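Colleague: Could you take one part of this model and walk me slowly through its surroundings? I am new to reading structures, so please connect each step to the one before.

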Amino acid sequence: MFEFSVIGGKTARDIIGRTRQQIVSEVRETYLTHHAGESVNPNSYFLRFPDKPDSRIIALPAYLGGKADVAGIKWISSFPGNITKGFPRASAALLLNDYETGYPFACLEASQISAARTAASAVLAAEQLTGGRTARRLTIVGAGIIARNILEFFTAQEWSVDNLVIHDRLPEYSKAFAEYAGSSLGHRATVEDDLTAALTGSDLVVLATTAGEPYITDPAAFAAGQVVLNVSLRDIGPEIILGAQNILDDVDHCMTANTSPHLAEQKYGHRDFIDGTLADVILGGIRPAEDRPVIFSPFGLGVLDLAVGMHVYRTARESGEAVDVPDFFGETRRW
């Protein structure tokens, strides 16, 4: 019970890369476990800095029951200024705790885990809300690491995409992402510098930016039946949210921190525009609308980090890729 392991980012990335389909299944099961009340997922805690208003470090504690039966916490930073310096904005660590004793038993580099659970959640939602694994035209807005992970998961799930469109406010990022999509993932991608043109005519849209406030505000921006994965949470104005079918991962969690649904609640004074959760869709309680846009807004639950973290941990232990830390605990007896 006093074993302690460390799993680095390269190992986590390698494991995720070869088990993406299994991770989507783990995320699906976790949503259902959470829906059944077999989890504890407190509000995230945001550490902000007066002289860096765009930066934050977030603590996500959680307990996941079911087969996992594990507690833990993810500590993830988002410093957008890192992008201009040429390295990722996000870095993270995940600590896993044994539920019987409370002792931590593993520490994992978690930016890979966080990206994977976000991507798996998005791709699972796309499948549930479109009813298949086919997109005539898929538009991805934002050409960063999260977008790349989402496309990797689409590919692993063997989606058929006729036209892939990439848009980023910086054309050089769009071009680099399009080249990666073609050379590494086998997708023919085109770059569209005009946002309206990128959104128009796409049956599936992924928003994966670092936007801090809405920039898509035209009520006609999305068409009836169009599925929008609002992964970055703050791109869409409240007017659009009000007129859409809104599916969240967890209602109370998503209605915080000035997300697009939270802004709509503040503006209109109610939550009547919220239709339910992704678990409701999986269980057949909600059918995707055809008469208005369908928007999935996932706040990102700590229980998903635990599920993917446990998957990576178990795989690393079985394959001998975990690094054991002998005598991590200085005292293992009371006397």
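Modeller: Let us begin with Lys74, a residue of strand 5, which covers residues 70-78; please keep in mind that this is a predicted model. Lys74 has a relative accessible area of 2%, and because buried means under 20%, this residue counts as buried. Its side chain has two polar partners that we can look at in turn: the side chain of Ser114 is joined to that of Lys74 by a polar contact of 2.8 Å, and the side chain of Asp305 makes a polar contact with that of Lys74 at 3.0 Å. Ser114 and Asp305 also appear among the residues that Lys74 touches, once those up to four places away in sequence are set aside, and that list further includes Ile58, Leu60, Ala92, Leu94, Ala110 and Arg117.

Now move along to Trp75, which is likewise found in strand 5. Trp75 has a relative accessibility of 40% and therefore counts as partly exposed, whereas Lys74 is buried. Together with Tyr45 and Leu47, Trp75 forms a nonpolar patch on the surface, and the accessible area of these three residues comes to about 320 Å².

Finally, turn to the interior, where the largest nonpolar core holds 74 residues, of which Leu96, Phe154 and Leu229 touch the most other members. Helix 3, residues 111-130, gives the most to this core, contributing 10 residues. If we leave aside neighbours within four places in sequence, Leu96 is in contact with residues including Val70, Ala71, Gly72, Phe105, Leu306 and Tyr313. Apart from this core lies another, made of 22 residues, among them Leu207, Val228, Ile236 and Ala244.

Conventions:
Residues are numbered from 1 along each chain as its sequence is written. This is a predicted model: local features need pLDDT of at least 70, side-chain atom pairs count only at pLDDT 80 or more; totals for chains, interfaces and linings use all residues. Side-chain values use heavy atoms; hydrogens and water are left out. Helices (H or I, at least four residues) and strands (E, at least two) are DSSP runs, numbered from the N terminus. Buried means under 20% relative accessible area, exposed over 50%, partly exposed in between (1.4 Å probe, protein chains only). A polar contact is a pair of N or O atoms within 3.5 Å; within protein, one must be able to donate a hydrogen and the other to accept it, and residues adjacent in sequence count only if both atoms are side-chain atoms. Contact means heavy atoms within 4.5 Å. Patches are made of residues with over 30% relative accessible area and no salt bridge: like charges are joined within 9 Å, nonpolar side chains (Val, Leu, Ile, Met, Phe, Trp, Tyr) within 5 Å. Accessible areas come from the Shrake-Rupley method with a 1.4 Å probe; for residues, only the protein chains shown count as cover. A salt bridge is a side-chain nitrogen of Lys or Arg within 4 Å of a carboxyl oxygen of Asp or Glu. A nonpolar core is a set of buried Ala, Val, Leu, Ile, Met, Phe, Trp, Tyr and Cys residues joined through side-chain atoms within 4.5 Å.
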